[in-house]
Number of protein chains: 2
Amino acid sequence: MLLSGGIDSTTTLALAARQGFELYALTFRYGQRHEAEVAAAARVAQAFRVARHEIVAFNLRLFGGSALTDDLAVPKDQTPAELARGIPVTYVPARNTIFLAFALAWAEVLGAEDIFLGVNALDYSGYPDCRPEYIAAFQAMADLATKAGVEGRQHIRIHTPLIALTKREIIETGLSLGVDYSQTVSCYDPAADDTACGRCDACLLRLKGFAEARARDPIRYRDAAGVSR
Amino acid sequence: MLLSGGIDSTTTLALAARQGFELYALTFRYGQRHEAEVAAAARVAQAFRVARHEIVAFNLRLFGGSALTDDLAVPKDQTPAELARGIPVTYVPARNTIFLAFALAWAEVLGAEDIFLGVNALDYSGYPDCRPEYIAAFQAMADLATKAGVEGRQHIRIHTPLIALTKREIIETGLSLGVDYSQTVSCYDPAADDTACGRCDACLLRLKGFAEARARDPIRYRDAAGVSR
């Protein structure tokens, strides 16, 4: 399981748990400006009593190129039209390829045949490495990449159970499985006390999803605008 | 350029330099037992006056599963028949997938359209992620993975100029380009003073390549058997 501590990966974890999988969670400290998500992932992993939770650290700030790692402004208060217009500066170059590559490595060592990833191609930010055609291409590559695969001892499948769901459907799924979303973090620009901004793309998508699911978002937002959405 | 400091990546660097590319070298400190190769990569990068040399660090020992990261014995004195028999314990799970994923990320940020990788499918150790079909699948995935690619601003190509060469041909190519192989490290099990063992798969392939090229291997081996091969 790739576990970021956000709504999507947490809901994916809940789905895999419900299906009876033994859970191994993998989180990355990759030089993101805000580490609140790493703490969230640890809370979620503990709540689901995963067999192991590993945090792999490396520094993507060496390369730069993203508002999530560099000192670039995170866009705020974008309209739906603006959100739909191209890939935003919060895109981190090749991030899912790097994350899935590490997941593939760990899966091979564990003898695991299932990698779960909470990508979502509907209510998302337009990232290229969240699309079904990208996942299919990664799968085709992964089928040729490993020793255990080539030797026919292991076939590692990448599962993306949320890929065709709206954020509303994701939240409804999670709530029906008893997910405690108060443990999750979505904000691209949280305050020092970890309260969410309520205005970045991730917060807007999250708030829209809760509103459409007619559910209350249990996390704290740092301004009234955020709370009232 | 993925640069490990071995014969293959150094020769690949020399080929790219001869073709006039501006060189950006990427090396990994991934938890390998022996860091002599990282020092070798730095020497080679300096010799070729690369524009930048970055070393990305992460710890694959978290996962385990390889004689190059774990406390497993490195096979010695294998016969050609033994070398040809399956994928050895020196295989590191999904290593080239992880390395190429980072290269893809950096290439996107740099605006670079060419990734060079010194994999070799003839005189090699049988690793699945050195084969042409694996590289082609990674390329297909990479074509869908990046923002700049999806937006049509950048097409990143993976070059593997050594993939169909024998070790002899690789060494002959490098010598014709003036490569100083005394700066390189191949051994899977070097001594504390960095002398090569002369008996692991990597040393055996290297020594065979130099013997067939009728050239002297300029590095030091720690036992007479190694030197005299």
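# A guided tour of a predicted two-chain model

Begin with chain B and select strand 1 (residues 24–29) together with strand 2 (residues 52–57): the two pair in the parallel sense over six bridges. This is a predicted model, and the tour moves from this pair of strands to the contact between the chains, and then into chain A.

Stay with the pair and select B:Tyr24; the bridge partner of B:Tyr24 in strand 2 of chain B is B:Arg52. Next, add helix 2 (residues 36–47) of chain B to the selection. The chain leaves strand 1, passes through this helix and arrives at strand 2, forming a β-α-β crossover that is right-handed.

**The contact between the chains**

Now display both chains. How many residues does the contact take from each chain? Chain A contributes 36 residues and chain B contributes 36 residues. On the side of chain A that touches chain B, at least two residues come from each of strand 2 (52–57), helix 4 (95–110), helix 5 (132–145) and helix 6 (147–150) of chain A. Helix 4 of chain A gives the most to this side, with nine residues. Coloured by character, the residues on this side of chain A divide into 26 nonpolar, four polar and six charged.

To see how the copies are related, superpose chain A on chain B. A rotation of 180 degrees, with 0.0 Å of shift along its axis, achieves this with an RMSD of 0.0 Å. The two copies are therefore related as by a two-fold rotation axis. To locate the axis from chain A, select A:Phe58, whose C-alpha is the nearest to it in that chain, at 2.6 Å. Of the interface residues of chain A, 100% are also interface residues in chain B, so the copies meet through the same surface.

**A residue in helix 4**

Select A:Trp106, which is placed in helix 4 of chain A. Is A:Trp106 buried or exposed? A:Trp106 has 22 other C-beta atoms within 10 Å; because a residue counts as buried at 20 or more, A:Trp106 is buried. Leaving aside residues up to four places away in sequence, A:Trp106 touches A:Leu26 and B:Phe63. A:Leu26 is 80 residues apart from A:Trp106 along the chain, yet their C-alpha atoms are separated by 8.9 Å.

**Helix 1 of chain A**

Move to helix 1 (residues 7–18) of chain A. Its 12 residues reach 16 Å from the first C-alpha to the last, close to the 16 Å expected at 1.5 Å a residue. Of these 12 residues, 10 are buried, so helix 1 of chain A is largely enclosed by the rest of the structure. Among the buried residues are A:Ile7, A:Asp8, A:Leu13 and A:Leu15. To find what surrounds them, show strand 1 (24–29), helix 2 (36–47), strand 3 (114–116), helix 7 (167–176) and helix 8 of chain A, against which the buried residues of helix 1 pack. After helix 1 of chain A comes A:Gly20, with a positive phi near 90 degrees.

**Helix 8 of chain A**

Finish at helix 8 (residues 201–212) of chain A. At 1.5 Å a residue, its 12 residues should span 16 Å, and the end C-alpha atoms are 16 Å apart, which agrees. Nine of the 12 residues are buried, so helix 8 of chain A is largely enclosed by the rest of the structure. The buried residues include A:Asp201, A:Cys203, A:Arg206 and A:Phe210. The last selection is A:Arg214, just after helix 8 of chain A, where phi is positive at about 50 degrees.

Terms used: Residues numbered from 1 in each chain as written. Chains lettered and ligands numbered in written order. Predicted model: local features only at pLDDT ≥ 70, side-chain atom pairs only at ≥ 80, totals over all residues. Contact = placed C-beta atoms within 7 Å. Helix = DSSP H or I, 4+ residues; strand = E, 2+ residues; numbered from the N terminus. Nonpolar A, V, L, I, M, F, W, Y, C, P; charged D, E, K, R; others polar. Least-squares fit on C-alpha atoms with pLDDT ≥ 70 in both. Pairing = 2+ DSSP bridges. Right-handed = clockwise from strand over helix to strand, strands pointing away. Expected span 1.5 Å × (residues − 1).
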